[in-house]
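Here are some exercises to work through with the model open beside you. Try each task before reading its solution.

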Amino acid sequence: MLSLLIGVVQAEDKGLIVIITPSHDNPFFKTEAVAAEEKAKELGYETLSLVHDDSVSKQNELFDTAIARGAAAIICDNAGAEATIAPVQKAKDAGIPTFLIDREINASGVAVSQIVSNNYQGAKLVGQKFVELMGEKGNYVELLGKSSDTNAQVRSQGFHEEIDQYPDMKMIAQQSANWSQTEAFTKMESIIQANNDIKGVICGNDTMAMGAMAALKAAGMGDVIVVGFDGSNDVAESIMNGNIKATALQPCYLGAQLAVEQADRYLRTGSTGVQEKQLLDCTLITEENAHRLKDFKLK
């Protein structure tokens with residue numbers, strides 16, 4: 001009984017881990033938060049999950065909240081590669097280490113860990129599959145993510161590393177839909193009105209792929225090839241139903257749990273034992289394995 005009580009006290013003494021992500025309306029970010037919460041509680045920490053909605057000013061306020069609460073550590077999927085450097089440095093100056101997931105920042109030595117999906121590798125997988133599905137020719141559209149997000153640029157580069165090898169593939173429109181399903185629907189509607197000779201659409205994330213697919217179906221163009229990136233449940237279901245054709249699974253559940261494990265190790269020993277920047281490889285998802293995909297994990 002005494003050992004049990006000691007274990008409870010030790011768990012309570014481990015302190016608070018603050019988890020800061022974009023909106024949980026996107027299942028990717030909700031999965032990150034849930035995974036981090038689960039691992040933190042398993043390791044004996046209290047948790048506080050907060051949402052910055054991709055607002056830099058709101059993110060700054062949330063870092064201030066974490067500092068004011070005397071957090072042991074911060075897990076963050078950030079609101080901007082440049083804009084996040086200052087709040088992470090502020091937390092560091094206050095003695096609170098930050099462990100970044102999903103999105104990098106444009107600085108080293110400020111955060112303790114930066115654990116991100118290998119976006120370039122994943123985008124090349126999707127780009128290769130898109131070329132194959134297109135039969136190496138035809139007009140296509142690219143929907144980009146948020147311009148301030150490094151991931152949006154890296155994924156586009158990976159796509160084009162593959163697609164641009166094929167001169168008969170013509171990009172007729174390239175627009176940002178800011179990772180948003182609603183915005184992707186609206187942008188795709190406008191693109192269709194300007195040019196309905198579209199064979200394929202390649203999207204920087206799954207939510208934009210869902211929006212694009214909905215707009216195409218509404219226009220009677222449901223046979224257009226659409227691919228995404230993330231590995232969401234919605235897109236897995238769409239693939240199984242013969243609509244969206246492919247995506248890349250980002251191991252966000254694993255990444256969030258790794259960040260908490262590294263935070264715990266750092267707080268206990270003063271080191272994570274690994275390098276700051278860490279890449280997690282992505283997996284191509286098609287009709288062959290979509291049935292095994294659930295909550296950003298392959299069963």
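The exercises below go from the whole chain to one sheet and then to one helix.

This is a predicted model, in which local features need pLDDT of at least 70 and side-chain atom pairs count only at pLDDT 80 or more, while totals for chains, interfaces and linings use all residues. Residues are numbered from 1 along each chain as its sequence is written, and side-chain values use heavy atoms, with hydrogens and water left out.

**Exercise 1. The whole protein**

Count the helices and strands of the protein, then judge its compactness.

*Solution.* Start with the count: there are ten helices and 14 strands. Helices (H or I, at least four residues) and strands (E, at least two) are DSSP runs, numbered from the N terminus. Next, take the radius of gyration over C-alpha atoms and compare it with the globule rule, 2.2 Å times the number of residues to the power 0.38. The radius is 20 Å, close to the 19 Å that the rule gives for 299 residues, so the protein is as compact as a globular protein of that length. Finally, look at burial (under 20% relative accessible area, 1.4 Å probe, protein chains only): 52% of the 299 residues count as buried.

**Exercise 2. An open sheet and its helices**

Work out the strand order of the four-stranded open sheet, and find which helices lie across its strands.

*Solution.* First, trace the pairing, which needs at least two DSSP bridges between two strands. The order is β7-β6-β8-β9, with parallel pairing. β7 (169-176) and β9 (225-227) are the edge strands, each pairing on one side only. From one strand to the next, the twist averages 15°. Now zoom in on β8 (residues 200-203), which three bridges join to β9; I202 has V227 as its bridge partner there.

Then add the helices, with angles running from 0 to 180 degrees between N-to-C directions of axes fitted to C-alpha atoms, for helices over the stretch in contact (heavy atoms within 4.5 Å). Helix α7 (residues 181-194) lies across β6 (138-144), β7 and β8, at about 135° to β7. Helix α8 (residues 206-218) crosses β6, β8 and β9, at about 155° to β8.

**Exercise 3. One side of α9**

Which residues of helix α9 are buried, and what covers them?

*Solution.* Begin with the helix, residues 233-240: V235, A236, S238 and I239 are buried. These residues are on the same side of α9 because they cover an arc of only 160° around the axis, taken from the directions from the helix axis to the C-beta atoms. Their cover includes α8, β10 (247-249), β12 (283-285) and β13 (293-294). Last, step past the helix: α9 is followed by G242, with a positive phi near 80°.

Note on methods: Buried < 20%, exposed > 50% of the residue type's maximum accessible area, 1.4 Å probe, protein only.
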